[in-house]
Amino acid sequence: MKTIYLIRHAKSSWADWSLPDHDRPLNERGKRDAPFMAAKLREQGFRLDGLLTSTAKRARRTARAFRKAYAIDKSKEIRTQELYHANPDHIEAQIQKLPGAWNEVAVFGHNPGFTYLANRSQGAFIDNVPTCGITACRLDVDRWSDWSMTDAERLFFWYPKMWLR
């Protein structure tokens, strides 16, 4: 059994318009939401074996909040440029390359790719995965190379405003 948690990066800052998009940090809401959602996932009994993240600063900072909440060693975090504004096929290709020993993985990236990919799973239509939203999907396969989002069962779709205002 393999499970992924598609996690859109937390809210980013537009305070410095001179920064390239790739280098935008989290804003105050993002700095609040990322650790909150990481704690929520952990409190509900979900575990993580590793992290796969876009190289964009806002995605890496979101991943770091989850890594800290789960006390995951930095060696179990894979960073790839391939997830930066990737389309669903490219995201799925990165998932299919995950280490075989990992069974539950948080994947951090961007819209619109994450929303499109989430809607390939079996479950109700999602109009938009908001910042720091989590879509969990499970598939009964032994190898990540056999992962197919269209065959995956959606476990839940959570986002910060479900609990925070």
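Begin by selecting Asp21 and Arg24: the two form a salt bridge, with their closest N and O atoms 2.7 Å apart. The model on screen is a predicted one. Asp21 is partly exposed at 26% relative accessibility, whereas Arg24 is buried at 6%.

Keep Asp21 selected and add Arg58. This pair also forms a salt bridge, the closest N and O atoms being 3.1 Å apart. Asp21 lies in the loop between S1 and H1 and Arg58 in helix H2, so the contact ties together parts that are 37 residues apart in sequence. Arg58 is buried, with a relative accessible area of 1%.

Next, select Glu92 and Arg120. Their salt bridge has its closest N and O atoms 3.5 Å apart. Glu92 belongs to helix H3 (residues 88–95) and Arg120 to the loop between helix H4 (113–118) and S5, so this pair ties together parts that are 28 residues apart in sequence. Glu92 counts as buried at 12% relative accessibility, and Arg120 as partly exposed at 28%. With the earlier selections restored, salt bridges that share partners join Asp21, Arg24 and Arg58 into one network. The count for the model comes to 12 salt bridges.

Now move to strand S4, residues 104–109, where 6 of the 6 residues are buried. In a regular strand the side chains alternate between the two faces of the sheet. On one side of S4 are Glu104, Ala106 and Phe108, and on the other Val105, Val107 and Gly109; both faces are covered.

Display the neighbouring strands as well. Strand S1 (residues 2–8) runs parallel to S4 and is joined to S4 by 6 bridges. Strand S2 (residues 50–54) also pairs with S4 in the parallel sense, over 4 bridges. Centre the view on Val105 in S4: Ile4 stands opposite this residue, and so does Gly50.

Turn then to helix H1, residues 28–43. Its 16 residues reach 23 Å from the first C-alpha to the last, close to the 22 Å expected at 1.5 Å a residue. Select the buried residues of H1, among them Gly30, Asp33, Met37 and Leu41. The elements that cover the buried residues of H1 include S1, helix H2 (57–70), strand S5 (134–139) and S6.

Finish at the surface by selecting Tyr159, Met162 and Trp163, which make a nonpolar patch of about 260 Å². Met162 lies in the segment after strand S6 (153–158) and is partly exposed, with a relative accessible area of 38%.

Terms used: Residues numbered from 1 in each chain as written. Predicted model: local features only at pLDDT ≥ 70, side-chain atom pairs only at ≥ 80, totals over all residues. Heavy atoms only, no water. Buried < 20%, exposed > 50% of the residue type's maximum accessible area, 1.4 Å probe, protein only. Helix = DSSP H or I, 4+ residues; strand = E, 2+ residues; numbered from the N terminus. Pairing = 2+ DSSP bridges. Patch = residues over 30% accessible without salt bridge, like charges linked within 9 Å, V, L, I, M, F, W, Y side chains within 5 Å. Areas by Shrake-Rupley, 256 points an atom, 1.4 Å probe, with all protein chains shown as cover. Salt bridge = Lys/Arg side-chain N within 4 Å of Asp/Glu carboxyl O. Expected span 1.5 Å × (residues − 1). Contact = heavy atoms within 4.5 Å.
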